[in-house]
Structure formats: structure tokens, C-alpha cells
Amino acid sequence: MNETAGIKGKPHVVVLGCNFGGLTAARFIKEKSGDAIDVTVIDRKPYLVFVPNIQMEVFADNDPEEKLQMQFYHFLKQDGSTFLQAEVKEIDVDAKSVTITPTERPGAASEKVQYDYLVIALGCKLDYAALPGFAEYGHTVSDTYYGNKLRRYLFGGQYKGGPIAIGTARFQMGTKGRPDWIPNMTSACEGPPLELSLGLSALLEERKWGSAKNITLFTQGEWIAEDAGIPLVKEFLHMAVDQMGMSYVNQTQDIKEITKDGIEFVNGKSVEAELKIVLPNWVAHDFMKQLPIVDEMGFVVTDLYMRNPDHPEILAVGDCAALTAPKLGGIGDQQARIVAQQIAKDMGKLDGEEKEMKLEPVVMCFGDMGHHKAFYIHSDLIYGGKTGVMKMGHKYFMMKVGFKEAYFMMGGKTPGWGIKLTELLGG
Ligand SMILES: Cc1cc2nc3c(=O)[nH]c(=O)nc-3n(C[C@H](O)[C@H](O)[C@H](O)COP(=O)(O)OP(=O)(O)OC[C@H]3O[C@@H](n4cnc5c(N)ncnc54)[C@H](O)[C@@H]3O)c2cc1C
């Protein structure tokens with residue numbers, strides 16, 4: 001096995017994963033610590049997928065692969081970072097090394113990469129394989145492959161105008177190291193079903209395929225998307241169910257099986273559906289589960305500075321972190337900035353005036369509603385805060401589209417994950 005160590009003898013920061021969390025972390029780490037460190041970024045693919053906008057492109061009959069994959073190599077090169085296209089196979093926290101296998105061509109030999117700091121931003125496994133019937137009868141929009149499959153179904157003449165069920169499978173969080181103000185959540189990310197239901201209603205009307213009345217939203221607990229805060233959810237359901245005519249099924253506990261005719265739930269209920277659009281459980285990658293730095297479910301345990309308490313040289317960003325609940329890119333973005341600051345602090349590069357940031361998560365998202373409108377949610381109610389804002393309209397659609405453009409132009413180094421844009425446009 002070959003050994004690739006810190007290349008120029010400086011502290012070697014290795015960032016695992018280069019989607020939202022990893023790219024932003026790598027870029028801010030380099031900006032803050034500059035020549036004091038070497039940065040190596042490892043991902044199995046050389047591009048980022050802008051996941052939140054897949055539904056919009058699919059419902060506009062655009063190929064999301066064309067619009068939403070961003071090559072990031074030149075941004076890393078411009079920063080002076082090294083990119084390795086490889087699969088991360090193993091982390092040895094005692095030897096401070098990572099075993100990788102290059103992915104450009106099959107048959108590559110494994111290598112070890114030594115680190116002084118390890119930033120884990122590997123996201124989660126979206127466990128569709130564990131959902132019985134998904135491969136045969138399920139649809140989703142969490143990557144461009146499945147986005148295009150749904151696009152072919154809708155626009156290729158397969159959809160017959162029948163009922164549609166939209167919801168998520170049950171999520172299981174760990175408890176180790178989790179502060180009590182981050183409550184247990186039964187869904188990893190339940191904004192997408194809200195967005196899908198509104199976007200699809202608009203599409204059904206525009207194409208004269210049906211209306212909101214075709215759609216049933218389902219959830220494990222009492223309230224769908226409870227991470228947005230119950231008052232906002234009630235407002236949403238008043239619009240979607242009472243005014244638009246969608247159906248709502250709650251307390252399902254979990255998806256038992258997706259069948260040709262619908263979805264069966266663990267509580268014995270079922271929903272009839274021709275089209276079943278679901279998000280699965282977000283689970284830790286298999287090789288992470290046995291590590292001494294993770295909780296019972298395999299998510300990386302950290303303090304509010306995103307450092308593992310037993311191995312402070314290991315930091316976590318994004319969906320793989322135990323403290324990221326719900327699993328939102330916006331929370332990962334905040335963590336990426338915290339991690340960059342922590343490493344800069346160790347390098348003596350922190351400006352004396354700079355306030356040390358710690359994790360203060362907010363739920364922030366722009367959701368497509370079709371008809372060139374979007375909703376905007378900014379809430380910390382789930383964490384016991386007092387902010388709970390939901391707005392809707394054309395300008396939020398422009399902000400959703402604009403954020404993606406800004407993200408691609410700036411290579412993940414945006415001023416913020418949307419909040420500042422909102423302030424800029426007057427809330
Ligand atoms: C449909 C949908 C809509 C969403 N909408 C929003 C939204 O509006 N707002 C919001 O804030 N969030 C949204 N999210 C959540 C958001 O997409 C995630 O929180 C975000 O992608 C997490 O970023 P990450 O970098 O932590 O992980 P990921 O995006 O999962 O990236 C992980 C990276 O690690 C790489 N990787 C994984 N394992 C390995 C390995 N073993 N070896 C090498 N590389 C590996 C992957 O290739 C990938 O590039 C949405 C999610 C979905 C599914």
C-alpha cells in the first residue's frame with residue numbers, strides 16, 4: 001500500500017467529501033489558514049450536485065445533470081489545494097490515516113493518506129435499498145439519476161393522472177453527545193415533501209393532468225416538517241390541505257412497503273397511489289459505524305465547535321455530523337465556517353478581534369412552489385428559539401434560482417446560505 005503524507009511538511013488538513021459541506025469547508029480553511037497548511041480534498045467524483053434544485057429542473061422538464069452538476073476542480077486548484085478522486089474506505093483515528101482507492105478507473109490499488117487534521121464531510125447514505133419496493137415502484141429527486149427517472153415518467157407519457165403519495169421514511173438519530181436542545185427528529189429532512197407537493201400541484205394544473213387533489217402528503221409523527229416549527233407547519237397545512245385540497249396522513253410510523261398500487265405503513269394504514277415520491281432514511285456510511293468517534297447510529301460526535309471531544313484533530317461538517325439535525329445544507333454551511341475558524345485558531349491565524357463561532361443552527365430553506373413562486377422558511381423554533389418566518393412569492397423563487405447561480409460562480413464560498421440575500425431584498 002502506498003503512503004501519501006502531508007506533501008510539503010506543513011500540517012496536513014484532509015477534507016473527506018466535496019459536496020456542500022466539504023467544498024465550503026476546504027475553501028474557507030485555505031482562505032483563513034493560507035500557507036500555514038496543506039489541504040487535500042478527497043471525493044469519489046469530481047463535481048458537486050446542487051441537490052435542492054433538482055425538483056425545479058425536473059418539473060420544468062430540464063435535465064438536472066446538465067444544470068446542477070458543478071465541476072469544482074479549478075476552485076480547489078486556484079486555492080492551492082490538492083484534489084484526489086478516490087473512494088474513502090477506512091479511517092484509522094490512532095494512526096491518523098485514511099485508506100482510499102482511486103475511482104477514475106476500476107482496479108486501482110489502495111493508498112494511505114496521513115493527516116494532522118481530518119475534516120469529515122462525507123454526508124450520509126440515502127438508504128433507498130432498505131425500502132421494500134422502491135426500485136420497482138418508487139420515485140425521488142435526491143440525485144440527478146432519480147430526478148431524470150421521474151422526469152421520464154412524468155413527461156414520457158407514463159403518468160396516467162392518478163393519485164400521488166409524497167413523504168419520507170423514518171429517520172433514527174443517535175443520542176451520544178447530543179445537547180437536549182436538539183430534539184429527536186423522526187425525519188432527516190422533510191422540507192422536500194412540502195416543496196414536491198406544491199411544485200407538483202402547479203405542474204398538474206399547468207399540464208391539465210390533475211390538481212393538488214391528486215396528492216397525499218404523509219408523515220411518521222403528528223406534524224410533517226415539524227423541524228420548521230409547529231406554527232409554520234399549521235400555516236402550511238391550512239394552505240395545502242384546507243385551501244388546495246391535498247390529503248394528509250400522519251402517525252404512519254414508517255414506510256413498510258412501496259407497492260404497485262400505493263404505500264403501506266408500519267401502523268397498518270396505507271395510501272393508494274400511482275406515483276410514489278419518497279425520501280428514505282439518512283444513515284451513516286457502513287465503514288463509519290465502527291469508529292470510536294461516532295454515536296450509536298454512526299454519525300460523528302462533536303462539540304459545538306464541530307470537533308470530536310476525544311480527537312479534537314477530527315472535525316465534522318454537514319449531514320455526517322451528529323449535531324446536524326435536520327440534515328440541511330444550510331446547517332453544514334455554518335459548520336464549514338466554524339471548522340475553518342477552529343483550524344485557523346490552532347495555526348495562530350485568527351484575528352484577535354474575530355469572535356469565535358459555535359454552532360447555532362437555524363432551519364433555512366427556499367422551496368419551489370411552481371408557477372415561478374417559492375416559499376422561504378427561516379426558523380429556530382425547533383431548538384427553542386423565537387424566530388419563525390415563512391414567506392411565499394415570486395421574489396423567493398428568484399432568490400432560490402439566484403442562490404444556485406451565486407454558489408456556482410463563487411465555488412461554494414457564498415456570503416451565507418441565503419439569509420443575507422433575504423435581508424438584502426428586504427425580508
Ligand atoms: C430533495 C432534497 C432537497 C433538499 N433541499 C434542501 C434545501 O432546500 N436547503 C438545505 O439547506 N438543504 C436541503 N437538502 C439537504 C442537503 O442536500 C444536504 O444537507 C447536503 O447535501 C449535505 O451536504 P454534505 O456535504 O454534508 O453531504 P453530501 O451532499 O451528501 O455530500 C457528501 C459528499 O461526499 C462524497 N462521498 C460520500 N462517501 C464517500 C466515500 N466513501 N468516498 C469518497 N467520497 C464520498 C459524495 O460523493 C459527496 O460529494 C435537500 C436534500 C434533498 C435530498
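So, what classes of residue make up the shell around the ligand? Keep that in your heads for a second. One thing up front: this is a predicted model.

Okay, the answer. By class, the shell has 14 nonpolar residues, twelve polar ones and six charged ones. Altogether, 32 residues surround the ligand. If you want to find the spot on the screen, go to Gly17, Asn19, Gly21, Gly123 and Gly318, which are the closest.

Which elements supply at least two residues of that shell? On the helix side we've got H1 (20-33), H7 (191-207) and H9 (329-346). Two strands do it as well, S6 (82-92) and S21 (363-370).

Now let's step back to the domains. The domain assignment splits the protein into domain 1, which is 2-123 plus 284-346, and domain 2, which is 126-282. Their C-alpha centres are 29 Å apart. And here's the link back to the ligand: both domains give residues to the shell, so the ligand lies between them.

How do the domains touch each other? On the domain 1 side, 25 residues are in contact, and they meet 27 residues of domain 2. Looking at that domain 1 side, the elements giving two or more residues are helix H2 (54-59) and helix H3 (64-68). H2 gives the most, with five residues. By class, this side of domain 1 has 15 nonpolar residues, two polar and eight charged.

Next, a helix pair. H1 and H9 came up a minute ago as suppliers to the ligand shell, and they also meet each other. Their axes come within 8 Å and cross at roughly 30°. An angle under 35 degrees counts as roughly parallel, so that's what we call H1 relative to H9. The crossing itself is right-handed.

Who's touching whom? From H1, the residues include Phe20, Gly21, Thr24, Ala25 and Phe28. Across from them in H9, look for Gly329, Gly332, Asp333, Ala336 and Val339, among others. Gly21 is worth a second look, as one of the residues closest to the ligand. Class by class, the H1 and H9 contact comes out at nine nonpolar, seven polar and three charged.

Last bit, two backbone details for anyone who likes checking geometry. The peptide bond from alanine 325 to proline 326 is cis, with omega near 0°. Proline 326 sits in the loop between strand S20 (314-316) and H9.

The other one is alanine 225. Its phi is near 55°, a positive value in a residue other than glycine. You'll find alanine 225 in the loop between strand S13 (215-218) and helix H8 (230-243).

That's my tour. Over to you.

Notes:
Residues numbered from 1 in each chain as written. Predicted model: local features only at pLDDT ≥ 70, side-chain atom pairs only at ≥ 80, totals over all residues. Near = placed C-beta within 6 Å. Helix = DSSP H or I, 4+ residues; strand = E, 2+ residues; numbered from the N terminus. Nonpolar A, V, L, I, M, F, W, Y, C, P; charged D, E, K, R; others polar. Domains from an automatic or database assignment. Contact = placed C-beta atoms within 7 Å. Axes fitted to C-alpha atoms, helices over the stretch in contact; angles between N-to-C directions. Parallel < 35°, antiparallel > 145°, perpendicular 65-115°, else oblique. Left-handed = near helix turned anticlockwise from the far one by under 90°.
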